[in-house]
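Reader: Could you take me through this structure? I have not seen it before and would like to begin with the core.

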Amino acid sequence: MEIINNSDKAVTAIDLVCGNGAVTKKGLTDEENPIVVIKPYGTTTIEMGFSEMTPNEPLVVGNTTPGPGVLSKTVRWTIFWLDEVQGRAVDITDYGEAGPEGIFFSCTKCWPEFHTPFWEDDGTTAYWFLKTYKGKYRSDVDECMAATEPTSDHRQGHTCRGGERMVG
């Protein structure tokens with residue numbers, strides 16, 4: 001999988017997780033001298049074999065920037081509609097915050113929350129929703145909290161194709 005850094009910050013660790021399987025590319029073995037694994041606006045490739053993945057689990061990509069900064073998490077879902085043979089791949093991304101590291105702080109990583117997807121149907125169109133909430137860092141207590149309002153519901157809609165009308 002090719003991973004693109006859309007940020008102006010360097011990335012020092014990448015996690016690719018699918019259920020119980022995970023692959024990591026780390027540049028944080030020496031926290032005093034982190035190694036950049038993706039330069040700002042750069043790309044890297046990380047591989048994970050099918051044998052390492054858990055069937056029917058989403059593929060999750062997480063990354064870390066050193067010190068105070070932005071974290072991102074991407075989950076790939078495949079949505080299957082009743083009248084389609086192939087599923088629709090949907091990448092859902094949201095963001096969190098990393099607190100500072102030092103004597104009084106532990107570089108707390110506040111990842112975004114991804115709630116369980118759900119479906120709604122208005123009689124004509126079916127909708128798939130996945131609400132995500134930004135991870136917020138609270139410096140007063142060096143803890144994480146989720147935003148109270150969702151960043152997005154990532155709505156995906158689909159209207160089934162009707163059969164052709166026969167005249168005769």
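Author: Certainly. The largest nonpolar core consists of 12 residues: I3, V11, I14, L16, C18, V23, V37, I38, I46, M48, L59 and V61. Please bear in mind throughout that this is a predicted model.

Reader: Which elements give two or more residues to this core?

Author: Those elements are β2, covering residues 13–18, and β5, covering residues 59–64. The greatest contribution to this core is from β2, with three residues.

Reader: And what is I3 in contact with, leaving aside its neighbours within four places in sequence?

Author: With those neighbours set aside, I3 is in contact with I14, I38, G42, T43, T44, I46 and V61. Another core, of 10 residues, lies apart from the one just described, and V75, W81, V90 and W128 are among its members.

Reader: Let me step back. How many helices and strands does the chain have?

Author: The chain has zero helices and 15 strands.

Reader: What share of the residues is buried?

Author: Of the 168 residues in the chain, 35% are buried. The accessible surface of the chain is about 10900 Å², and carbon and sulfur atoms account for 50% of that surface. As for contacts in the chain with a separation of 6 or more, 55% are between residues 24 or more positions apart.

Reader: Now the sheets. Which strands form the open sheet of three?

Author: The order in that open sheet is β10-β11-β15, with antiparallel pairing. Its edge strands are β10 and β15, the latter being residues 156–159, and each of these pairs on one side only. From one strand to the next, the twist averages 20 degrees.

Reader: How many bridges do β10 and β11 share?

Author: There are four bridges between β10, residues 118–121, and β11, residues 125–129, and the two strands run in the antiparallel sense. F118 stands opposite F129 in β11. For D121, the bridge partner in β11 is A126.

Reader: What lies between the two strands of that hairpin?

Author: Three residues lie between the strands, and in this hairpin G123 takes a positive phi near 95 degrees.

Reader: Which residues other than glycine have a positive phi?

Author: Two examples are worth naming. Y41 has a positive phi near 65 degrees, and H154 has a positive phi of about 50 degrees. As background, most residues other than glycine have a negative phi.

Reader: Where are they, and is each one buried or exposed?

Author: Y41 is in the loop between β3, residues 21–26, and β4, residues 43–45. Its relative accessibility is 57%, so Y41 counts as exposed. H154 is in the loop between β14 and β15. With 16% relative accessibility, H154 counts as buried because the cut-off is under 20%.

Reader: A change of topic: how many disulfides are found in the whole structure?

Author: A search of the whole structure finds one disulfide. C110 and C144 form that link, with their sulfur atoms 2.1 Å apart. The link is left-handed, with -80 degrees about the S-S bond.

Reader: What does the pair tie together?

Author: C110 is in strand β8, residues 109–110, and C144 is in strand β14, residues 143–146, so the pair ties together parts that are 34 residues apart in sequence. For background, a disulfide is a covalent bond between the sulfur atoms of two cysteines.

Reader: Are these cysteines buried or exposed?

Author: C110 is buried, with a relative accessible area of 1%. C144 is partly exposed, with a relative accessible area of 37%.

Reader: One last topic. Where is D83, and what does it touch?

Author: D83 is in the loop between β6, residues 69–79, and β7, residues 88–98. Not counting residues up to four places away in sequence, D83 touches H158, T159, C160 and R161. The C-alpha atoms of D83 and T159 are separated by 9.3 Å, and these two residues are 76 residues apart along the chain.

Reader: How exposed are D83 and C160?

Author: D83 is partly exposed, with a relative accessible area of 25%. C160 is partly exposed as well, with a relative accessible area of 48%.

Key:
Residues numbered from 1 in each chain as written. Predicted model: local features only at pLDDT ≥ 70, side-chain atom pairs only at ≥ 80, totals over all residues. Heavy atoms only, no water. Buried < 20%, exposed > 50% of the residue type's maximum accessible area, 1.4 Å probe, protein only. Contact = heavy atoms within 4.5 Å. Areas by Shrake-Rupley, 256 points an atom, 1.4 Å probe, with all protein chains shown as cover. Pairing = 2+ DSSP bridges. Disulfide = S-S within 2.5 Å. Axes fitted to C-alpha atoms, helices over the stretch in contact; angles between N-to-C directions. Core = buried A, V, L, I, M, F, W, Y, C linked by side-chain atoms within 4.5 Å.
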